[in-house]
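Reader: Could you take me on a close look at the main nonpolar core of this chain and the parts around it? I would enjoy one connected account that I can follow with the structure open.

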Amino acid sequence: ESTRKKLITLLAEQQEQYVSGQKLSEELNISRAAIWKHMKGLEKDGYKIDAISRVGYRIVAFPDQMSLNTIQWGLNTSWLGQRMYYEPQLDSTQSLAHKLALEGAEHGTVVIADEQLKGRGRLHRKWDSQKGKGIWMSIILRPPLEPQRAPQLTLASAVAIIDMLASQVNVKGQIKWPNDIFIQNKKVAGILTEMQAEQDLIQYVIIGIGLNVNQTAEEIPEDLQEIATSLQIETEQTWVREGLIQNLLKEIESVYEEYVQNGFGSIKKRWELAAYKMGDWIKVKAMRKEWDAKLIGIQNDGALIVEDTDKARKVLYSAEIDWNKGGVD
Ligand code: BTX
């Protein structure tokens, strides 16, 4: 497996030029016949390889089917995703991640599926995860933290998604509390954080990220038409998911390291800067009442801070919010 990865790396570095069988055989320390066999394997996985006898090999096209290789080649994280599982089809990447975590999978292990049959959101809601259309990914983390701090990891992940969208896709995403990523007024991604904890310590956290990438407007299911969007719909172009995954993992790794080193402060600021309807009026349904409130920020524990019409501050841990109805202003 690692020979194959090195082989792809060698060829990919020289995309315009042929690499001789001799050179490959020396660098990888395997026979020319073994190289030939690897090439056949790559072709089977959807790589297009141009081979000219006595000249060498060249990769002409990478597969559009994702594979562990295409995702990991070019991944420049130091620990996140260095151990990775990719499956064409799973019920839910969360379920496999839980299983792996319970079996001892290391911090930073990533599970990705091309399609989920039972993708899930919070509170047993469904997450539509069509084949080949999005990023359906779960990350196993083992942070040395008390369980109460797990929500901060969700907030930090949201910030990483926003940064990836800005740098790779050139779109401005917004974070809708607590954990949706919006573009304009529609949901493009969701985060589901699940945790196993022992008394005062997190055993592991699984951050599940679903990001709609290449669905066209017609491919969005009927019941989600009004509320969901994809990068393809927003930018009118298709995106190579591997590149986005690699960058997203890089962003998550860096935001996680910042969090562990410097605490939640700067991440909180970045979250607030990207927050949907920050400073706007919304309608809150909580404490058996419905009232107008202005969005002020979040607390360290992830709770939402709002201000009512009398300028009294309230902290919301869970509330139903009507984002489109602010009666005041
Ligand atoms: P959520 O509970 O905030 O959002 C679920 C709601 O979002 C659904 O009830 C539906 O209204 C809407 N919805 C469903 N599918 C989509 C979609 N593809 N795009 C936009 N809106 C949708 C959000 O939960 C957290 C979702 C996490 C999904 C990831 S995918 C990888 C991992 N595995 C898994 O099973 N879940 C996570």
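Author: Happily; what follows starts with the whole chain, moves into the core, and ends with some backbone details around it.

Please keep in mind that this is a predicted model. The chain has 329 residues, of which 49% count as buried. Its secondary structure comes to nine helices and 14 strands, and the C-alpha trace spans about 80 × 45 × 30 Å along its principal axes. Among contacts between residues at least 6 apart in sequence, 61% join residues at least 24 apart. The domain assignment gives domain 1 (2-61), domain 2 (68-273) and domain 3 (281-322). Between domain 1 and domain 2, the C-alpha centres are 33 Å apart, and the contact takes six residues from domain 1 and four residues from domain 2.

Now to the core itself. In soluble globular proteins, nonpolar side chains tend to be buried together. The largest nonpolar core here holds 68 residues, and those that touch the most other members are Ile 112, Met 137, Ile 139, Ile 181, Leu 231, Leu 249 and Trp 271. Helix H6 (residues 150-169) gives the most to this core, with twelve residues. Domain 2 (68-273) and domain 3 (281-322) each supply at least three residues to this core. There is also a second, separate core of 14 residues, which includes Ile 8, Leu 10, Tyr 47 and Ile 59.

Leu 231 is a good place to stop and look around. You will find Leu 231 in helix H7 (residues 231-235). With a relative accessible area of 0%, Leu 231 falls under the 20% cut-off and is therefore buried. Leaving aside residues up to four places away in sequence, its contacts include Leu 165, Val 169, Ile 183, Val 188, Leu 211, Val 213, Trp 239 and Leu 244, along with Asn 212, Glu 236 and Gln 237. For a sense of distance, Pro 144 is 87 residues from Leu 231 in sequence and 35 Å away in space, C-alpha to C-alpha.

From Leu 231 you can step across to Ile 183, one of its contacts. Ile 183 lies in strand S7, and at 4% relative accessibility Ile 183 counts as buried. Apart from residues up to four places away in sequence, Ile 183 touches Val 171, Lys 172, Gly 173, Val 188, Thr 229, Leu 231 and Glu 234. Gly 173 is ten residues from Ile 183 in sequence, and the two C-alpha atoms are 4.9 Å apart.

Ile 181 brings us back to the core members listed above. Beyond its neighbours within four places in sequence, Ile 181 is in contact with residues including Ala 158, Ile 161, Ile 162, Leu 165, Ile 175, Val 188 and Ala 189. Its contacts also include Gln 174, Lys 186 and Lys 187.

Let us turn to helix H6 once more, this time through Asp 163, which lies in that helix. Asp 163 counts as partly exposed because its relative accessibility is 24%, between the 20% and 50% cut-offs. Not counting residues up to four places away in sequence, Asp 163 touches Glu 251 and Arg 270.

Arg 270 leads on to a pair of helices. Two packed helices are described by the angle between their axes and the distance between the axes. The axes of helix H8 (residues 241-262) and helix H9 (residues 265-273) come within 8 Å and cross at roughly 130 degrees, which means that H8 is oblique to H9. From H8, the contact uses Val 255, Glu 258 and Tyr 259, and from H9 it uses Ser 266, Ile 267 and Arg 270. By class, the residues of this contact divide into three nonpolar, one polar and two charged.

Finally, a few backbone details are worth a look. Most residues other than glycine have a negative phi, and most peptide bonds are trans. The peptide bond from Trp 177 to Pro 178, however, is cis, with omega near 0 degrees. Pro 178 lies in the loop between strand S6 (173-176) and strand S7 (180-183). Glu 236, which is not a glycine, has a positive phi of about 55 degrees. Glu 236 sits in the loop between H7 and H8, and is exposed, with a relative accessible area of 72%. Lys 277 also has a positive phi, near 65 degrees, and its place is in the loop between H9 and strand S10 (281-286).

How values were computed. Residues numbered from 1 in each chain as written. Predicted model: local features only at pLDDT ≥ 70, side-chain atom pairs only at ≥ 80, totals over all residues. Heavy atoms only, no water. Core = buried A, V, L, I, M, F, W, Y, C linked by side-chain atoms within 4.5 Å. Buried < 20%, exposed > 50% of the residue type's maximum accessible area, 1.4 Å probe, protein only. Helix = DSSP H or I, 4+ residues; strand = E, 2+ residues; numbered from the N terminus. Domains from an automatic or database assignment. Contact = heavy atoms within 4.5 Å. Axes fitted to C-alpha atoms, helices over the stretch in contact; angles between N-to-C directions. Parallel < 35°, antiparallel > 145°, perpendicular 65-115°, else oblique. Nonpolar A, V, L, I, M, F, W, Y, C, P; charged D, E, K, R; others polar.
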